[in-house]
Amino acid sequence: MSITLDIRLKRANKVYHEGEVLAGVVVLSSKEAVQHQGISLTMEGVVNLQLSSKSVGVFEAFYNSVKPIQLITSNIEVAKAGKIPGGKMEIPFEFPLSTKGNKVLYETYHGVFVNIQYMLRCDMKRSLLAKDLSRTFEFMVHCQPQKAKLVPAPVDFTVTPETLQNVQERSLLPRFLIRGHLNATSCVITEPLTGELTVENSQVAVKSIELQLVRVETCGCAEGYARDATEIQNIQIAEGDVCHGLSIPIYMVFPRLFTCPTLETTNFKVEFEVNVVIVLQDDHLITENFPLKLCRV
């Protein structure tokens, strides 16, 4: 005898804001009647923090501070113990998406060392001989948009051997001059990062020009902080020895789950940066780094 359990939300995009009501149905499908000991539904929002392998051992005190942070939790009984008739059955439910006390619902974010997730879990208890059924379903939470209008602040940059940092033997570098600008470093998360770049001259031919989006995740407490930068995506905007003096457009869309508005709390931070990477034919790597502030308006 097989029975399937499913959770469906009324909102197709699965995106909710604090203060809204999470509404949907629990769908039960069975060929014949099924006896059960009760069906419950749990809503949970959790921040999971994890230390990178290089930080473990260095920060033994961290293990107390990297416990999961509970943002929201709620439980309802969908159906009392009894019998479900054969066929398909839909049981409606509603959860208010509101926190208790001074807790804040952070935006859904899937990172490496910081994960912010909101889940619905439906459990059907059954008799000793039959296996309990469980189904989990992730929904998204977006933070409330900022009321203030974002004023874009363009950033101009010039890259030459003299402007580079962390260079051991500057005299051995080939001569080059690269100019460009980003239209804004305070970015609206739903809009692309844009700008342009021009190779004015270069002694050595260019091999590739790339845009690298990086997340910088910080976990910790008063005892210390572990800060780790990891790549989210890398987009090639030019290949081969590009024409000198030609404007190359910069255009990058922020991926939905792997970015969120820049976040700073007591126990963790999520920040973002973009690297403009120019690779020369002799495999010299030139990198220009720009911190980004992401927000939702």
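## Salt bridges, core and pocket in a predicted model

Arg121 and Asp123 form a salt bridge whose closest N and O atoms are 2.9 Å apart, where a salt bridge is a side-chain nitrogen of Lys or Arg within 4 Å of a carboxyl oxygen of Asp or Glu. The model is predicted, so local features need pLDDT of at least 70 and side-chain atom pairs count only at pLDDT 80 or more, while totals for chains, interfaces and linings use all residues. Residues are numbered from 1 along each chain as its sequence is written, and side-chain values use heavy atoms, with hydrogens and water left out.

### Charged pairs

Side chains of opposite charge can pair when their charged atoms come close. By the rule given above, the count comes to 10 salt bridges, and three of these pairs are set out in the table with the relative accessibility of each partner. Here buried means under 20% relative accessible area, exposed over 50%, and partly exposed in between, with a 1.4 Å probe and protein chains only.

| Pair | Closest N to O | First partner | Second partner |
|---|---|---|---|
| Arg11 and Glu20 | 2.8 Å | Arg11, 32%, partly exposed | Glu20, 26%, partly exposed |
| Arg121 and Asp123 | 2.9 Å | Arg121, 32%, partly exposed | Asp123, 13%, buried |
| Glu273 and Arg227 | 4.0 Å | Glu273, 17%, buried | Arg227, 52%, exposed |

In the pair of Glu273 and Arg227, whose side chains meet at 4.0 Å, N to O, Glu273 lies in strand β20 and Arg227 in strand β17 (residues 224-239), so the pair ties together parts that are 46 residues apart in sequence. Helices (H or I, at least four residues) and strands (E, at least two) are DSSP runs, numbered from the N terminus. Apart from pairs, Asp6, Arg8 and Arg135 are linked in a network of salt bridges.

### Nonpolar core

In soluble globular proteins, nonpolar side chains tend to be buried together. The largest nonpolar core (a set of buried Ala, Val, Leu, Ile, Met, Phe, Trp, Tyr and Cys residues joined through side-chain atoms within 4.5 Å) has 76 residues, and those with the most contacts inside it are Ile116, Leu120, Phe139 and Ile209. Strand β20 (residues 268-280) supplies the largest share of this core, namely seven residues.

Leaving aside neighbours within four places in sequence, Phe139 is in contact with residues that include Leu9, Lys14, Tyr16, Leu22, Met43 and Leu97, where contact means heavy atoms within 4.5 Å. Lys14, one of these partners of Phe139, sits in the loop between β1 (3-9) and β2 (15-16) and is partly exposed, with a relative accessible area of 28%. The phi angle of Lys14 is near 60°, a positive value in a residue other than glycine. A positive phi also occurs at Asp283, near 70° and again in a residue other than glycine; Asp283 lies in the loop between β20 and β21 and counts as exposed at 52% relative accessibility.

### A buried arginine

Arg215 has its place in strand β16 (residues 206-221) and counts as buried at 9% relative accessibility. With neighbours within four places in sequence left aside, the residues in contact with Arg215 include Tyr109, His110, Asp228, Glu231, Phe258, Glu271 and Phe272. The C-alpha atoms of Arg215 and Pro291 are separated by 10.0 Å, although these residues are 76 residues apart along the chain.

### Cysteines

The structure holds zero disulfides, a disulfide being a pair of cysteine sulfur atoms within 2.5 Å. Cys187 is in no disulfide, and the nearest cysteine sulfur, that of Cys295, is 8.0 Å away. Cys187 counts as buried at 5% relative accessibility, and Cys219 counts as buried at 2%.

### Largest pocket

The largest pocket has a volume of about 370 Å³. On a 1 Å grid over the protein atoms alone, a pocket is an open set of points where a 1.4 Å probe fits, with protein on both sides within 12 Å along at least five of seven lines, and lining residues have an atom within 4 Å of a point. Grid points are joined across faces, edges and corners, and a volume is the space filled by probe spheres set on the points. The lining of the largest pocket consists of 16 residues, of which Leu164, Gln165, Val167, Ile286 and Thr287 lie nearest its centre. Strand β21 (residues 285-295) gives the largest share of this lining, five residues.
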